[in-house]
Amino acid sequence: VLEEITELITKYDGNLENIWFAIDENERNKMKLFRHSIALKVNDIISQRGLKKVGTDNAVPDGKFIEFYKYTCNLIKNNNLEYVVYGHIGNSHLHFNMLPKTIKELELCRNLYRDICNYSVKLGGTISAEHGIGKYKKDFLLDMFGEVNILQMAKLKKTLDSNIILNLNNIFDKKFLTQV
């Protein structure tokens with residue numbers, strides 16, 4: 001498997017000097033620590049800027065991963081934004097963290113986020129592979145599933161929460177709960 005991965009990295013002009021393989025449990029633990037340290041550093045940088053990061057949580061089918069990766073990298077690079085990407089390549093699920101420096105860049109990042117989500121869905125992927133929907137991604141969920149399916153979800157929620165008091169306006173707007 002390692003030889004196959006090495007061939008793919010070379011085929012797609014990757015730099016083998018910058019690739020880290022976890023062969024045993026000790027190396028896997030080091031990799032996990034490193035990966036989580038990146039997330040903490042990203043949060044530190046964005047906090048120092050007094051802004052919010054815009055980080056994706058998309059996943060696409062394996063056969064669409066390279067296309068999605070290139071699209072997203074190019075989209076962010078072409079808009080001259082700082083970013084860090086890490087995640088779960090084995091699941092075709094990466095976290096692109098855009099690091100805006102100004103309010104104007106923050107708005108641009110949010111617009112690009114919608115483009116990235118739409119492209120992920122177009123490729124048969126998802127807008128959230130790990131971190132849920134919450135308030136921020138609820139519009140993207142509507143883009144992904146459409147109103148008919150959101151109404152079905154609202155119907156199920158209303159069955160379990162007839163007083164509509166739990167997590168109001170998370171996942172989908174209250175308006176969908178009043179329609180079912």
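This note covers two pockets and one buried threonine in a predicted model.

1. The largest pocket has a volume of about 1,900 Å³. Its lining counts 37 residues. Closest to the centre are Ile-19, Phe-65, Ile-89, Gly-90 and Leu-94.

2. Which elements each supply at least two residues of that lining? They are α1 (2-11), α2 (25-48), α3 and β2 (83-88). The most comes from α2, with seven residues.

3. By class, the lining of the largest pocket has 20 nonpolar residues. The polar residues number 10, and the charged ones seven.

4. The second largest pocket has a volume of about 410 Å³. It is lined by 17 residues. Nearest its centre lie Lys-53, Val-54, Gly-55, Thr-56 and Asn-97.

5. For the second largest pocket, α2, β1 (54-55), β3 (93-98) and α4 (103-122) each supply at least two lining residues. Here α4 gives the most, with three. Helix α2 thus appears in the lists for the largest pocket and the second largest pocket.

6. How do the residues lining the second largest pocket divide by class? Six are nonpolar, five polar and six charged.

7. Thr-72 sits in helix α3, which spans residues 65-78. Is Thr-72 buried or exposed? Thr-72 is buried, because its relative accessible area is 0%, and the cut-off for buried is under 20%. Leaving out residues up to four places away in sequence, Thr-72 touches Phe-96 and Ile-116.

Methods: Residues are numbered from 1 along each chain as its sequence is written. This is a predicted model: local features need pLDDT of at least 70, side-chain atom pairs count only at pLDDT 80 or more; totals for chains, interfaces and linings use all residues. Side-chain values use heavy atoms; hydrogens and water are left out. Helices (H or I, at least four residues) and strands (E, at least two) are DSSP runs, numbered from the N terminus. Buried means under 20% relative accessible area, exposed over 50%, partly exposed in between (1.4 Å probe, protein chains only). Contact means heavy atoms within 4.5 Å. On a 1 Å grid over the protein atoms alone, a cavity is a set of points where a 1.4 Å probe fits but cannot get out, and a pocket is an open set with protein on both sides within 12 Å along at least five of seven lines; lining residues have an atom within 4 Å of a point. Grid points are joined across faces, edges and corners, and a volume is the space filled by probe spheres set on the points. Ala, Val, Leu, Ile, Met, Phe, Trp, Tyr, Cys and Pro count as nonpolar, Asp, Glu, Lys and Arg as charged, and the others, Gly among them, as polar.
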